[in-house]
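Dear colleague,

I am passing on the structure below, and my notes on it follow. Please read them with the model open beside you.

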Amino acid sequence: MDGFSSSKFTGALYPEAYASGGLIGAGPIIDCKGFTHAVFILNVGDSSGTYTFQIEEDDIIGHGTPDDVAGATVAVTISSDNTMYVVTCDLQKRQRFLRVKDNAVAVGAVDLAATCMLTNADNSVNYATVPTASV
């Protein structure tokens with residue numbers, strides 16, 4: 001099995017310029033069933049502010065309050081211009097659903113986007129991402 005057919009890519013935080021004091025809403029809920037790892041890639045464009053990127057988890061969508069995943073955080077600062085951060089989660093130790101937690105931009109503005117790559121799907125999962133281009 002190639003790595004592509006056992007992986008899934010999904011948006012975790014859609015690209016936007018987030019203003020000072022603006023709330024960055026929770027990202028889309030990512031169903032991790034059947035995968036062993038989640039890799040979140042946070043891309044920061046221009047940053048004249050601060051923001052805390054945090055992953056949270058839950059077992060049931062819409063019931064209760066999701067829990068923060070300890071250690072799955074990144075502090076974006078004014079000096080984070082044009083930087084990429086990577087946060088990995090071992091899904092064997094996590095609840096089924098993950099997402100980026102809602103949080104506010106503290107000062108200034110931040111251009112952000114995040115992608116999640118789920119990897120090492122078991123044979124029962126058929127959630128492979130179709131490549132946009134293959135060369």
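Which residue in β6 does Tyr-51 stand opposite? Tyr-51 stands opposite Val-76 in β6, and I take up that pair of strands again below, after a word on how the values were obtained.

This is a predicted model, in which local features need pLDDT of at least 70 and side-chain atom pairs count only at pLDDT 80 or more, while totals for chains, interfaces and linings use all residues. Residues are numbered from 1 along each chain as its sequence is written, and side-chain values use heavy atoms, with hydrogens and water left out.

On confidence, the chain averages a pLDDT (the predictor's confidence in each residue, from 0 to 100) of 86, and 87% of the residues score at least 70. In the chain, the lowest confidence belongs to strand β2 (residues 23-24), with a mean of 86, and the highest to β7, at 96. Where pLDDT is low, the predicted coordinates should not be read in detail.

The chain has 0 helices and 10 strands, where helices (H or I, at least four residues) and strands (E, at least two) are DSSP runs numbered from the N terminus. Of its 135 residues, 36% count as buried; here buried means under 20% relative accessible area, exposed over 50%, and partly exposed in between, with a 1.4 Å probe and protein chains only. The accessible surface (Shrake-Rupley method, 1.4 Å probe, with only the protein chains shown counting as cover for residues) comes to about 7300 Å², of which 53% belongs to carbon and sulfur atoms. Among contacts (heavy atoms within 4.5 Å) between residues at least 6 apart in sequence, 85% join residues at least 24 apart.

Turning to the sheets, two strands are said to pair if DSSP finds at least two bridges between them. An open sheet of 4 strands runs in the order β3-β8-β5-β6, with antiparallel pairing, and its edge strands, each of which pairs on one side only, are β3 (30-31) and β6 (67-76). Within this sheet, strand β5 (residues 51-58) is joined to β6 by 6 bridges, the two running antiparallel; besides the pair already mentioned, Phe-53 has Val-74 as its bridge partner in β6. Towards strand β8 (residues 97-100), β5 makes 4 bridges, again antiparallel, and there Ile-55 stands opposite Val-100. Strand β5 is largely enclosed by the rest of the structure, because 7 of its 8 residues are buried.

Strand β4 (residues 37-47) pairs in the antiparallel sense with strand β7 (residues 83-90) over 8 bridges, and with strand β10 (residues 110-119), also in the antiparallel sense, over 9 bridges. Val-44 takes part in both pairings, since it stands opposite Thr-83 in β7 and has Leu-112 as its bridge partner in β10.

Val-44 also appears in the surroundings of Asp-81, a residue in the loop between β6 and β7. The C-alpha atoms of Asp-81 and Val-44 are separated by 6.2 Å, although the two residues are 37 apart along the chain. With neighbours within four places in sequence left aside, Asp-81 is in contact with Val-44, Gly-45, Asp-46 and Ser-47, and its side chain reaches the backbone nitrogen of Ser-47 at 2.5 Å, a polar contact being a pair of N or O atoms within 3.5 Å, of which, within protein, one must be able to donate a hydrogen and the other to accept it, and for which residues adjacent in sequence count only if both atoms are side-chain atoms. Asp-81 is partly exposed, with a relative accessible area of 37%.

Two asparagines may deserve a look at their backbone. Asn-82, in the loop between β6 and β7, has a positive phi near 50° without being a glycine, and it counts as exposed at 63% relative accessibility. Asn-120, in the segment after β10, likewise has a positive phi, of about 55°, and is partly exposed at 45%.

Finally, the cysteines: with a disulfide taken as a pair of cysteine sulfur atoms within 2.5 Å, the count comes to 0. For Cys-89, the nearest cysteine sulfur is that of Cys-116, 7.8 Å away, and Cys-89 is buried, with a relative accessible area of 3%. For Cys-116, the nearest is that of Cys-32, at 6.0 Å, and Cys-116 is buried too, at 0%.

With best wishes
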